[in-house]
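Here is a friendly briefing to read with the structure open beside you. Take the bullet points one at a time and look for each residue as you go.

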Amino acid sequence: MSTGTSALLPMAPAPADPVQATLTATHLGDPDVLRRYFTSLRSAVDPALARQYPTFTGKGYPVGRCLEIRDAVFAVLQERVNAPQADADAVIADFLRRGGSARKIWGVLRDTYFQNAIQLGTWYVDVANDTVVPTKPPVEILPIADADMVAIRDYRHFAAIAEKYWKTTIYRNSVFPRLAAIFPLVCVNAEGAAWLAAASDQVVELTRRHAFQPSLDALAAFPEPPAHGVALLTRLAAREVDSLLDTDGDAVQCVKACIAERRHDDIDYRQRCVAAYRRLRSAVPSV
C-alpha cells in the first residue's frame, strides 16, 4: 500500500511530496475523522493482543508493545480497505486507488523513542501512542512534517536513543567478529542482559548501502563490552553450531574482509547473520 518510496531506507518516514499532499487534502483532510477511525481499529485488536502480551518487563499491556499494536492495526486496515465495511474504509480505499500511500514506518520520535507508526499520505498515524506512557490517548494523528520522526542517521544516533529509551549501555561488538559488519554493537542493560544491535531492517540497510563503513565507524567509536556481557553472549553462542558465532579473530579485520568481498551486496550473508542474531536474541529476556 505504498508508492514512490524505493529510495528511502526501510520504514523511514517519507517527506510530504506534492502528490501525496494533494491526495491527502482531497480525501483524508479531517484528522478527527481519522482519529476516530483508527481508535476503532485499535479497540478491535486490543483484546487479543492483551491476552497474547499481558506484560512487558513487568508492566501491563499496552506498555512496550508498539510494534505488535501497529502491525495488528495495519493488518486490519489492509483487510478493511480490500473489503470495505464502512464509509471510512471505502474513503481510504479510494485514496489508495488514486495513488495515496499507506505504509509502516519506524524511526526516532522526538529524539527520545524508537517508535513504530503508520504513514497515511502526509499523516503520521500513531496507533500505539500509549505504549510508553499508558495514560496518553491510544491514537495520535499529526501532519508527518510536525511529527518529528526521523530515520536513523548512523550508529551513534541509534546508540544515543537506545541508551535513553532502553536504559542500556552500548559497546562495540568484539565478541562475534564475523557478525560485526551487520551487528557492530553490543547492548548491556542494568539487569545484566546482553544482545547484539541494531536489529532493524532500516539500520542494517543503512550500513549495507554504505558498504559497511558505518559498522567500521561504530567499532572505532564504542568501547569494549564488559566481561559479564561477553561471558553471557559466548555462553549463549556455545549452544549453536554456526561459524558466524565463532569468537576468534578481530572485528575490524573481519569487517574489512567483508568489504573487500563485497558482502554488503550479498543477501545470503545478510540473511545468515540475521538468523544467527535471532537465535542468540531468543535466549535473552525481553528488554
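## A first look

In strand β9, N189 is the residue that stands opposite T168. Please keep in mind that this is a predicted model. The tour begins with the sheet around that pair, then turns to another sheet, a helix, a loop residue and the cysteines.

**The sheet of three strands**

- Strands β8, β9 and β10 form an open sheet, in the order β8-β9-β10, and their pairing is antiparallel.
- The edges of this sheet are β8 (168-172) and β10 (194-197), each of which pairs on one side only.
- Neighbouring strands here are turned against each other by 30° on average, direction ignored.
- As background, strands of a sheet pair through backbone hydrogen bonds, and the pairing can be parallel or antiparallel.
- Between β8 and β9 there are five bridges, in the antiparallel sense.
- Strand β9 (residues 185-189) also pairs with β10 in the antiparallel sense, over four bridges.
- To find a facing pair between β9 and β10, look for V186, which stands opposite L196 in β10.
- Is β8 mostly enclosed or open? Four of its five residues are buried, so β8 is largely enclosed by the rest of the structure.

**A closer look at N189**

- You have already met N189, whose place is in strand β9.
- N189 has a relative accessible area of 12%, and because buried means under 20%, it counts as buried.
- The side chain of N189 reaches the backbone nitrogen of A193 at 2.9 Å.

**The sheet of five strands**

- A second open sheet to look at has five strands in the order β6-β5-β4-β3-β7, again with antiparallel pairing.
- Which strands stand at its edges? They are β6 and β7 (149-150); each has a single partner strand, so one side of each is left without a neighbour in the sheet.
- Further in, β4 and β5 run antiparallel and are joined by three bridges.
- One facing pair to look for is I118 and V125, the latter in β5.
- A general point to remember as you turn the view: in a regular strand, side chains alternate between the two faces of the sheet.

**Helix α3**

- Helix α3 covers residues 66-82, which makes 17 residues.
- From its first C-alpha to its last, α3 reaches 24 Å, close to the 24 Å expected at 1.5 Å a residue.
- This helix lies across β3 and β4, and it runs at about 10° to β4.
- Many residues of α3 can be checked for burial; the buried ones include I69, V73, F74, V76 and L77, and also E68, R70 and R80.
- Among the elements that cover the buried residues of α3 are α2 (31-52), α4 (87-97), β3 (102-109) and β4 (113-120).

**N82, a residue of α3**

- N82 belongs to helix α3.
- Is N82 buried or exposed? Its relative accessibility is 66%, so N82 counts as exposed.
- The side chain of N82 reaches the backbone oxygen of Q78 at 2.9 Å.
- Ten residues separate N82 from I92 in sequence, and their C-alpha atoms are 10.0 Å apart in space.

**D130, a residue in a loop**

- D130 sits in the loop between β5 (123-126) and β6 (140-143).
- With a relative accessible area of 7%, D130 is buried.
- Which residues does D130 touch? Leaving out residues up to four places away in sequence, they are R42, P62, K136, P137 and P138.
- With R42 there is also a polar contact, in which the two side chains meet at 3.0 Å.

**The cysteines**

- How many disulfides does the model have? The count comes to zero.
- C66 is in no disulfide, and the nearest cysteine sulfur, that of C187, is 16 Å away.
- C66 is also buried, at a relative accessible area of 8%.
- Why does C273 not bond with C258? The sulfur of C273 is 7.1 Å from that of C258, its closest cysteine sulfur, which is too far for a bond, because a disulfide needs the two sulfur atoms within 2.5 Å.
- C273 is buried as well, with a relative accessible area of 0%.

Terms used
Residues are numbered from 1 along each chain as its sequence is written. This is a predicted model: local features need pLDDT of at least 70, side-chain atom pairs count only at pLDDT 80 or more; totals for chains, interfaces and linings use all residues. Side-chain values use heavy atoms; hydrogens and water are left out. Two strands pair if DSSP finds at least two bridges between them. Helices (H or I, at least four residues) and strands (E, at least two) are DSSP runs, numbered from the N terminus. Axes are lines fitted to C-alpha atoms, for helices over the stretch in contact, and angles run from 0 to 180 degrees between N-to-C directions. Buried means under 20% relative accessible area, exposed over 50%, partly exposed in between (1.4 Å probe, protein chains only). The expected span of a helix is 1.5 Å times one less than its number of residues. Contact means heavy atoms within 4.5 Å. A polar contact is a pair of N or O atoms within 3.5 Å; within protein, one must be able to donate a hydrogen and the other to accept it, and residues adjacent in sequence count only if both atoms are side-chain atoms.
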